Amino acid sequence: MKRIFITILVVFILPQMLFGQDPVKKQYIATQITTTPVINGILDDEAWQSGTWAGGFTQNQPYNGSPETQKTEFKILFDDNNLYVAIKSYDTSPDSIVNRLTRRDEADGDLVGIIIDSFHDLRTGFLFGVSSAGVKYDQMFTDDGQNEDASWDPNWRVETSINKDGWVAEMKIPFSQVRFDKSSSDGWGLDVARILYRKNEQSFWQHIPRDAPGLIHLFGELKGLEQIKPRKIFDITPYGVAKTETFEAVPENPFQATGKLSKLNGGIDAKIGLTNNMTMDLTINPDFGQVEADPSVVNLSAYETFFTEKRPFFIEGNNITNFGLGIGDGGVGNDNLFYSRRIGRQPQGYPNMKDSWHVDIPTRTDILGAVKLTGKTKHGFSIAIVEAMTNQEKAEIDTIGGRKFATVEPLTNYFVGRIQKDINNSNTIIGGIFTSTNKELDADVRDILHKSAYSGGVDFTQYFKKKSWMFNLNTAFSMVEGSKQAITNTQESSAHYFQRPDKNYAILDTSRTSLAGSGGRMQIMKLNGHWNFLGAVLWKTPGFEINDLGYMRTTDQILSVLWAGYNQFNPKGIYKSFNFNSDFYSINNFGGDWIGGGYEWNANINLKNFWNVWTGGSLNTSSLSTDMLRGGPMMKLPGSVNPRMGFSTDNRKKLSFSVSSNGSKGFENSAYNLYTELDITYKPTNYLVFTISPSYNKSYTELQYVTQTTYNDIDRYIFASIDQTTISTSFRVNLNLSPNLTFQYWGQPFVATGRYYNHKFITEPMANKYSDRFRTYNSNEITFDTDHYNIDENVDGKTDYTIGSSDFNMKQFLSNIVVRWEYSPGSTLFLVWSQTRSYYSNSGQMDFFNNLGDLFNKGLNTPHNVFLVKFSYRFGLK
């Protein structure tokens, strides 16, 4: 149950809000001590004789507002450098305490945590939590808990123990790990939480009603810290990496002749407190070899695949630099001015090659260094700055006459600046962002990349009626500059398609050396009551371009959404809670065309046996596609219906599973899709977890883009029907020998096939009748020849043009083993083995077991192995 505390704690997520009166705030007075306790989880030191125990916790769930079923008490002490917290979790059945070992931030079982609002801005919280097994989970909350950053990993100590009365947690939290002003006379925000795992019960010292429109602003108060002084953090962590790669030896290729490559590397990570409230994170020559690989995908669309960030330096604090222009999950929901995966990306260029030449191209761009400055001033200004420099990457080419080099990625500087100001007791938030990307281009990449790219925006959020209503406006601009060819490429890219013959309001201009545009999002939300509502408008002008440092799929859209949802929190009958919601949406372009619309619905019920059942789907109208012909005119497409459903069992059990399925049926028999996934988790012991997630996807599309050509000076947009099948399985093993020593394995066999047939070309893309929009080649017009099709459109016995065969059978096996030992707080040793096996053929036929056999057939495939040892040591100064 990954991050169970974090998942359950964030019960105020907007679609599940119900507004109520703010409860009276409790106060706790911390006690100053001169004798430091030994952190052992026993509480047998004299220091714990001082101070006052506090309790009286109240359930948040399942029975909101009821007293906790098992008593909980805590005590807080402090000295000049640290905060000391003791939490006693009484239990009348101590043998029923669920005591599971997991990796840090993936705590499972019985849990407790203390959340501190040291800024006392009613918006920011620092969570220090622990499971009964002693596994840390720590997290930073921002925006009154609307955003959470689980990658925040402060250096602190905690020990736990189980006794006949329950279990105990003893914490030591250095003041250097939290941020606060010199004067804490008005106190800090404070809450303490507990999860009683076997009952799925969550309770708080300061009650957080399940119907509350927020979290941090409802905290109680911690007093007694008036005399403490901030401690600036100063952590320096140098690291060293030894890496060996093995791969298929290719004797005629000098870059792969030996099939082996070894290298040593090193760098420095640092976290430095510049002021009481401002922290600088610094990394020089970072290495992220321990990070898990991206999953395999097959993308036949015109758009870039979105991958989540996994590198620790860029994950921590990314909620502060976030400037979203989307809504919902996936697709348009990923639109953002800052997409950190751009930094250190795969090189975008490729050298001109000749037969018999060989080339060695870097697989990623080295990051020379990066700096991140984050913090919040006592005047309510939140500040975040990210500055990164990536290296110039060159491909090395072995020619007949010797070696030469070609630039595939230029020396690049990335900058992000973000600021927000809280006013009116954090009911009004005003902010802004500015990003820049500047590249040092040479002749190799001058015509394929922008020389510079800038974006910026202003955001405004206003809460009303004790945060029961919210209005938000994010508006942004962009500008890119480069050569005429580079800007022409941008205009003709899948995000813009200025070359469309019917796009008379945004016309392709090949003489341009810059392109500018704007975008934004405006939304109003009702947060209180069983019923919640949302109205939103999102827009991106045709010239809006942020993909140098941000992410977006397409532009030239105005999206309108009306959403409503109902939530029932109180257990009754067979259920613990349920919710349902639905929305209508409509899309227009800036030419005044109505592109399409639809209706979406979702429903979920949480049963008293801790099973969940859900369903949902969408009904999409017929639409006008601006990208179907990849730069050609708009085309009418049939609508579709897309149902989904699934259920999950009680994930507290040793064996749990979930089944989910979604489908799609295009009207006019234009397409169908069926996706099914099964997730099985088995926990044979408290320190070992197995997870297997097989999935199956079968789809048919009558109109899959193939290519574009010209016949008798007429554009021919060539399509085909395609049958696709994808079978994949993700397998994980987590072995946790202690809270600081873990073993993790992840593997993914992946087989995807596509068979193209019934080739056709578009005739009248806007015809009223679907079948009149294209014509399928008959047997006299198309013949297959080895690896391509010959087209004789006028049936005169001569080939008019050819179409390459697009059938594919892609097989891949990815695996990753990581042993992580945190031998000292902030100091780690990683042992990593990553393996990639790939094999490709053009059969187009699915034969899963034989396909997998191809991956492990020595005669067909040699794996690419990476063996890595990474050692880091933290020097912490106070």
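Trainee: Which residues of the largest nonpolar core touch the most other members?
Mentor: Let's begin with the general idea: in soluble globular proteins, nonpolar side chains tend to be buried together. A nonpolar core is a set of buried Ala, Val, Leu, Ile, Met, Phe, Trp, Tyr and Cys residues joined through side-chain atoms within 4.5 Å. Buried means under 20% relative accessible area, exposed over 50%, and partly exposed in between, with a 1.4 Å probe and protein chains only. In this structure the largest core has 36 residues, and F74, I76, I114, F128, M171 and W188 touch the most other members. Keep in mind that this is a predicted model, in which local features need pLDDT of at least 70 and side-chain atom pairs count only at pLDDT 80 or more, while totals for chains, interfaces and linings use all residues. Residues are numbered from 1 along each chain as its sequence is written, and side-chain values use heavy atoms, with hydrogens and water left out.

Trainee: Which elements give two or more residues to this core?
Mentor: Elements here are DSSP runs numbered from the N terminus: helices (H or I, at least four residues) and strands (E, at least two). For this core they are β4 (72-78), β5 (82-90), β6 (111-117), β7 (125-131), β11 (166-174) and β12 (188-196). Strand β11 gives the most, with four residues. There is also a second, separate core of 20 residues, with F313, L325, I367 and I546 among them.

Trainee: What does F74 touch, not counting residues up to four places away in sequence?
Mentor: Contact means heavy atoms within 4.5 Å. By that rule, F74 reaches Y28, T52, W53, A54, F57, A86, I87, L190, V192 and W205. Now look at S203, in strand β13 (residues 201-204). With the same sequence neighbours set aside, S203 touches F57, T58, Q59, N60, E68, V192, A193 and R194.

Trainee: Is S203 buried or exposed?
Mentor: S203 counts as buried because its relative accessibility is 2%. Set P694, in strand β38 (residues 688-711), beside that: P694 counts as partly exposed because its relative accessibility is 28%. Beyond four places in sequence, P694 touches T676, E677, L678, S728 and T729. One of those partners, T676, is 18 residues from P694 in sequence and 8.6 Å away in space, C-alpha to C-alpha.

Trainee: With which side chain does the side chain of N673 make a polar contact?
Mentor: A polar contact is a pair of N or O atoms within 3.5 Å; within protein, one must be able to donate a hydrogen and the other to accept it, and residues adjacent in sequence count only if both atoms are side-chain atoms. N673 sits in strand β37 (residues 671-685), and its side chain makes such a contact with the side chain of N697 at 2.9 Å. Leaving aside neighbours within four places, N673 is in contact with N662, G663, S664, N697, K698 and S699. N673 is partly exposed, since its relative accessible area is 22%.

Trainee: Where is D800 found?
Mentor: D800 belongs to the loop between β43 (788-791) and β44 (801-804). A polar atom of the D800 side chain lies 3.4 Å from the backbone nitrogen of N794. N794 is also among the contacts of D800 outside its neighbours within four places, together with Y711, I791, D792 and E793.

Trainee: Which residues lie nearest the centre of the second largest pocket?
Mentor: On a 1 Å grid over the protein atoms alone, a cavity is a set of points where a 1.4 Å probe fits but cannot get out, and a pocket is an open set with protein on both sides within 12 Å along at least five of seven lines; lining residues have an atom within 4 Å of a point. Of the 22 residues lining this pocket, R345, Q348, S493, E545 and N547 lie nearest its centre. The largest share of the lining, three residues, comes from α4. Within helix α4 (residues 484-491), A486, I487, T488, T490 and Q491 are buried, and their cover includes β26 (469-481) and β27 (514-526).

Trainee: How many cavities of 30 Å³ or more does the structure hold?
Mentor: Six. Of the 19 residues lining the second largest cavity, S176, Q177, R179, I233 and T279 are the closest to its centre. Strands β16 (260-273) and β17 (278-284) are the elements that give two or more residues to that lining.

Key:
Grid points are joined across faces, edges and corners, and a volume is the space filled by probe spheres set on the points.
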